[in-house]
Amino acid sequence: MTENPNDPGLPEERVPRRVLGTPPPGNGSALGAPVADAEPIVHEGVQFPDPATARKGERAAALLFLVAFLAGVGFVAAYVIFQVGSIDKVATSNMALGGTLAVALLALAAGIVVWVRMMMPKYSLVQERHTMASPPAVREEIGATFLQGANESGFVKYKLLRRTLLLAAAPLGLLPLVLLKDLGPLPGTTLRHTVWKKGMRLIVEGTGEPIRAADFNSPGGILSIVPEGHEDDLNALAKATLILIKFRPEDIKPGTKLNWTHDSIVAYSKICTHVGCPAALYEQTTHHILCPCHQSTFDAADGAKVIFGPAARPLPQLPISVDSQGYLIAQSDFAVPVGPSFWERGDAEAEARARGQA
Ligand code: FES
């Protein structure tokens with residue numbers, strides 16, 4: 001049997017071992033004095049947890065760490081089990097991954113809090129700070145210097161000078177208000193309308209040519225369209241650019257306004273209703289229009305309804321038909337504002353109010 005070097009009377013394997021983080025061993029307590037199990041131990045301003053509380057804290061923290069471990073394993077399992085591939089599957093996978101990760105992080109954080117509050121010693125720490133004010137002598141000197149300068153300037157004595165100085169300074173305060181005029185006129189209802197109007201031809205972006213309905217005849221086709229006469233007008237194009245899609249008649253769903261289509265050709269605003277990126281990625285088999293900025297997805301066969309992402313409303317549909325020569329034309333402007341939902345809301349309300357008063 002090996003003898004303990006600190007206590008030759010005890011065999012090595014029977015010596016109690018010190019566990020890191022516990023108060024130092026003594027005669028039944030951290031301080032060398034026996035204590036009741038429920039009493040906190042206070043020594044030189046440091047309060048050690050009583051052993052019973054520390055044991056409870058250890059069990060609670062260990063339980064929480066176990067929960068965190070299981071949730072972490074659950075995260076990996078959810079990643080393997082819930083495969084993506086459709087909107088519904090992505091939603092299920094996200095829910096499982098997010099839920100398990102949240103539980104793991106919360107349990108880990110809660111375990112650490114329990115550990116700190118129930119098992120670690122408590123004591124007050126005071127950080128010494130020095131006054132930031134200048135010494136009284138310096139402050140007095142600065143005050144005296146200021147008063148001396150004021151007296152020497154004659155600001156009180158010369159009334160005319162004082163009044164004209166105040167007069168000169170007054171307009172300077174108003175200058176920022178005058179400069180507000182340079183922000184330009186208020187937009188009024190201009191954001192609500194585009195340049196599209198009855199009879200205006202649809203021009204293919206890039207070629208600059210109008211397009212006949214008969215020439216746009218392969219279902220699944222998509223074109224980027226600009227309004228005739230505004231091909232280079234960037235201000236107009238910022239709101240009026242379209243995407244033109246050709247469908248098979250049986251693919252069109254009820255959300256699409258049929259009397260605004262021609263021969264299963266549908267025109268939608270290309271300006272995403274989230275924050276205005278061009279939404280022009282088109283998946284032919286699902287009829288999904290995807291905005292590359294934040295992944296808003298619109299169902300082109302169903303009135304460009306939002307089926308995924310942050311956009312709040314469908315891409316507006318432009319009413320189209322053909323002229324006497326078979327070229328695609330607009331029936332009118334859009335019936336609703338195009339572009340981000342936030343910029344026209346107040347404008348539309350103002351217009352509605354104006355209509356109500358008329
Ligand atoms: S701008 Fe299209 S999703 Fe944000």
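Two strands pair if DSSP finds at least two bridges between them. Strand β3 (residues 202-204) and strand β4 (residues 222-227) meet this rule, with three bridges in the antiparallel sense. The model described here is a predicted one.

## The chain and its confidence

The protein chain holds six helices and 13 strands. Of its 358 residues, 19% are buried. Among contacts between residues at least 6 apart in sequence, 53% join residues at least 24 apart.

The mean pLDDT of the chain is 84, and 85% of its residues reach 70 or more. Among the elements, strand β13 (residues 328-330) has the highest mean pLDDT, 97, while helix α6 (residues 341-357) has the lowest, 54. Two stretches stay under 50 in pLDDT. One is residues 1-36, for which the model has 35 contacts beyond four places in sequence. The other is residues 354-358, for which the count of such contacts is zero.

## The helices

The table sets out three helices with the span expected at 1.5 Å a residue and the distance between the end C-alpha atoms.

| Helix | Residues | Number of residues | Expected span | End-to-end C-alpha distance |
|---|---|---|---|---|
| α2 | 87-119 | 33 residues | 48 Å | 47 Å |
| α3 | 136-153 | 18 residues | 26 Å | 26 Å |
| α4 | 159-179 | 21 residues | 30 Å | 32 Å |

For α2, the distance of 47 Å agrees with the expected span of 48 Å. The buried residues of this helix are T100, A107, G111 and V114. What do the buried residues of α2 pack against? Their packing partner is helix α1 (51-81).

One pair of residues links back to A107. L66 and A107 are 41 residues apart in sequence, yet their C-alpha atoms are 8.4 Å apart in space. L66 has its place in helix α1. Is L66 buried or exposed? A residue counts as exposed if 12 or fewer other C-beta atoms lie within 10 Å of its own. L66 has 12 such atoms within 10 Å, so it is exposed. A107, by contrast, is one of the buried residues of α2.

Helix α3 is hardly covered, as the count of buried residues among its 18 residues is zero. Just after α3, G154 takes a positive phi of about 75°.

Helix α4 is hardly covered too: among its 21 residues, the count of buried ones is zero. Where does α4 have a kink? The kink, of about 30°, lies at G173, shortly before the proline P176.

## The sheet of five strands

Strands of a sheet pair through backbone hydrogen bonds, either parallel or antiparallel. Five strands of this chain form an open sheet in the order β3-β4-β5-β6-β11, and the pairing is antiparallel. The edge strands are β3 and β11 (317-318), each of which pairs on one side only.

Starting from β3, V204 has I225 in β4 as its bridge partner. Strand β4 also pairs with strand β5 (residues 242-246) in the antiparallel sense, over four bridges. Here I225 stands opposite L242 in β5. I225 therefore takes part in both pairings of β4, with V204 in one and with L242 in the other. At the other end of the order, two bridges join strand β6 (residues 265-269) to β11, and these strands run antiparallel. A267 stands opposite L318 in β11.

## The sheet of four strands

A second open sheet has four strands in the order β7-β8-β9-β10, with antiparallel pairing. Why is one side of β7 and of β10 left without a neighbour in the sheet? β7 (281-283) and β10 (305-308) stand at the edges and each has a single partner strand, so one side of each has no neighbour there. Neighbouring strands of this sheet are turned by 35° against each other on average, direction ignored.

The partner of β7 is strand β8 (residues 288-290), and the two pair in the antiparallel sense over three bridges. Within this pairing, E283 stands opposite H288 in β8.

Conventions: Residues numbered from 1 in each chain as written. Predicted model: local features only at pLDDT ≥ 70, side-chain atom pairs only at ≥ 80, totals over all residues. Expected span 1.5 Å × (residues − 1). Buried ≥ 20, exposed ≤ 12 C-beta atoms within 10 Å, placed from the backbone. Axes fitted to C-alpha atoms, helices over the stretch in contact; angles between N-to-C directions. Contact = placed C-beta atoms within 7 Å. pLDDT = per-residue confidence, 0-100. Bend = angle between axes of the 7 residues up to and from the residue.
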